[in-house]
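Me: Before accepting any label attached to this model, I would like to see each value set against its criterion. Could we go through the ring contacts and the enclosed spaces in that way?

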Amino acid sequence: MESTQSNSAASFKENLGFKDYLGFGFGDMAVNFTFASLGMFVVFFYTDVIGISAGIIGTLMLFSRSFDGIIDVVIGGLVDKTHSRWGKTRPWLLFGAIPFAALTILLFAVPSGWSETAKIVYIFLSYNILMIAFSSIAIPYGTLNSLVTRDQHQREIFNLFRMFMAQIGVLIVTNATMPLVSFFGNKQSSWVATYAILSGISVILLLIVFKSQRERVTVSAQEKIPLKISLQAIAHNKYWWIATIFFIIYSVGYALNQGSTIYYAKYILHNDSLVGVLTIGYLVPVLVGFVVIASLFKKYGKTKVMLYGSLVSIFGYLFTLVSPDNFWIVMTAQIIKGFGQAPLLGGVWAMFPDTIEYGEWKTHVRIEGLLYSGGSLGQKIGVGLGTALTGWVLAFGHYNGALATQSSSAIQSIYQLFIYIPLIIYVLQIVMLRMYDLDKKYPKIMSDLAERNK
């Protein structure tokens, strides 16, 4: 296999500029117009607007995310087999943008006159079809990071821009959704109108990614890799397994944070409009942190910085316990958690391109799409578990979205989701990060690959 780069290790750097990084980042902003909405509002929408029980929604989310994992692997394999004049990944963005937007709108268009059973069937079908479209965007988009450059630090900068723009997308969604829903009349149809606007913007952003990016990393025309060989290569890639399990754990915590915030704002702080303010308190420190994260990654390695980020986040959750119903205490805790989250968001997606290089070094097989699907697989399984936990814990606490005042057990379930379960998640994250020592080995791996490809 031969790379388009020259043979010295230093030649893995590409001539990249701000517009390359920014253009790439727009993709995750577009994706988060849907993904952040699923995490932040979908359970609330189904329980408090449509009137479906939290337990049923939790179970549907878990089943759907398990199905998504299979789809991710299939899409990853198809990306590896894609050859077009636009490359491997960009045609997926070009042709998938509009269906992805349309299916996002349909998610909120649950027919109001249908029976509860029919509504559940609609939710199940619309959600799972949307997830197929999501995989068809997210996996090619993520795989693109391994094709724009093979330089580890440049990839980390691409990932930081991606995560920075993703958080801008989250801020837009969390601060615009409820005001837009209110502007359009605070009805179910208002949610449809709101997401018609957001989804239309996402189409434009994905087309910008298609236009601005170029797949610079290629391999020589090679024989098709049989599925058996690809699966064997995955089986021998221990860092891919560690990264995938880490992403599952991380995504459970991320989903809990997003899904529980609106309930915490509404029933603990007694003002559901605070969901946007709490999200700003959480994400602005993330964005500020991104300014210095790249240099910290370069100096100390992303794994070590991510580990310390987890410790800072744990302190933030513990700080909430000082006075969990005091807005300013909770807001301060959000800020602390945000600074801890910055290296995690900045580094998590950058782990998978590194496992691609390790896999090629270890097995002599390069399968970008299939390996990168581990990121989407881990994210979807984790978010599915987190969303399911949100529904199940609320149901266990006898939460009823039709009631203005919740029982003490329902209030306790909200505390569990917002504070206590995430603490356990962060401890598990630290365990996985201690096992991921690829940063130390990466320079030798890339030097060996450069020598091998002479």
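Reply: Let us start with a charge over a ring: in this predicted model, Arg-90 lies over the face of Phe-210, at 4.5 Å from the ring centre.

Me: What makes 4.5 Å from the ring centre count for Lys-337 and Phe-418?

Reply: The distance criterion asks for NZ of Lys within 6 Å of the ring centre, and Lys-337 is placed at 4.5 Å from that of Phe-418, over its face.

Me: Why is the pair of Tyr-21 and Phe-158 called edge-to-face?

Reply: Ring centres must lie within 6.5 Å and planes over 60 degrees apart for that label; the centres here are 4.6 Å apart and the planes stand at 65 degrees, so the pair is edge-to-face. The pair links distant parts of the chain, since Tyr-21 belongs to helix H1 and Phe-158 to helix H6, 137 residues apart. Both residues are buried, and both belong to one aromatic cluster with Phe-18, Phe-24, Tyr-141 and Phe-161.

Me: How do you know that Tyr-267 and Tyr-399 form an edge-to-face pair?

Reply: Their planes meet at 80 degrees with the centres 5.6 Å apart, so the pair is edge-to-face, given the cut-offs of 60 degrees and 6.5 Å. Tyr-267 lies in helix H9 and Tyr-399 in the loop between H14 and helix H15, so the pair ties together parts 132 residues apart in sequence.

Me: What makes up the lining of the second largest cavity, by class?

Reply: Its lining has six nonpolar, six polar and no charged residues, and the cavity has a volume of about 80 Å³.

How values were computed: Residues are numbered from 1 along each chain as its sequence is written. This is a predicted model: local features need pLDDT of at least 70, side-chain atom pairs count only at pLDDT 80 or more; totals for chains, interfaces and linings use all residues. Side-chain values use heavy atoms; hydrogens and water are left out. On a 1 Å grid over the protein atoms alone, a cavity is a set of points where a 1.4 Å probe fits but cannot get out, and a pocket is an open set with protein on both sides within 12 Å along at least five of seven lines; lining residues have an atom within 4 Å of a point. Grid points are joined across faces, edges and corners, and a volume is the space filled by probe spheres set on the points. Ala, Val, Leu, Ile, Met, Phe, Trp, Tyr, Cys and Pro count as nonpolar, Asp, Glu, Lys and Arg as charged, and the others, Gly among them, as polar. Rings of Phe, Tyr and Trp (its six-membered ring) pair if their centres lie within 6.5 Å; planes under 30 degrees apart count as stacked, over 60 as edge-to-face and the rest as tilted. Helices (H or I, at least four residues) and strands (E, at least two) are DSSP runs, numbered from the N terminus. Buried means under 20% relative accessible area, exposed over 50%, partly exposed in between (1.4 Å probe, protein chains only). A charge sits over a ring if NZ of Lys or CZ of Arg is within 6 Å of the ring centre and within 35 degrees of the ring normal.
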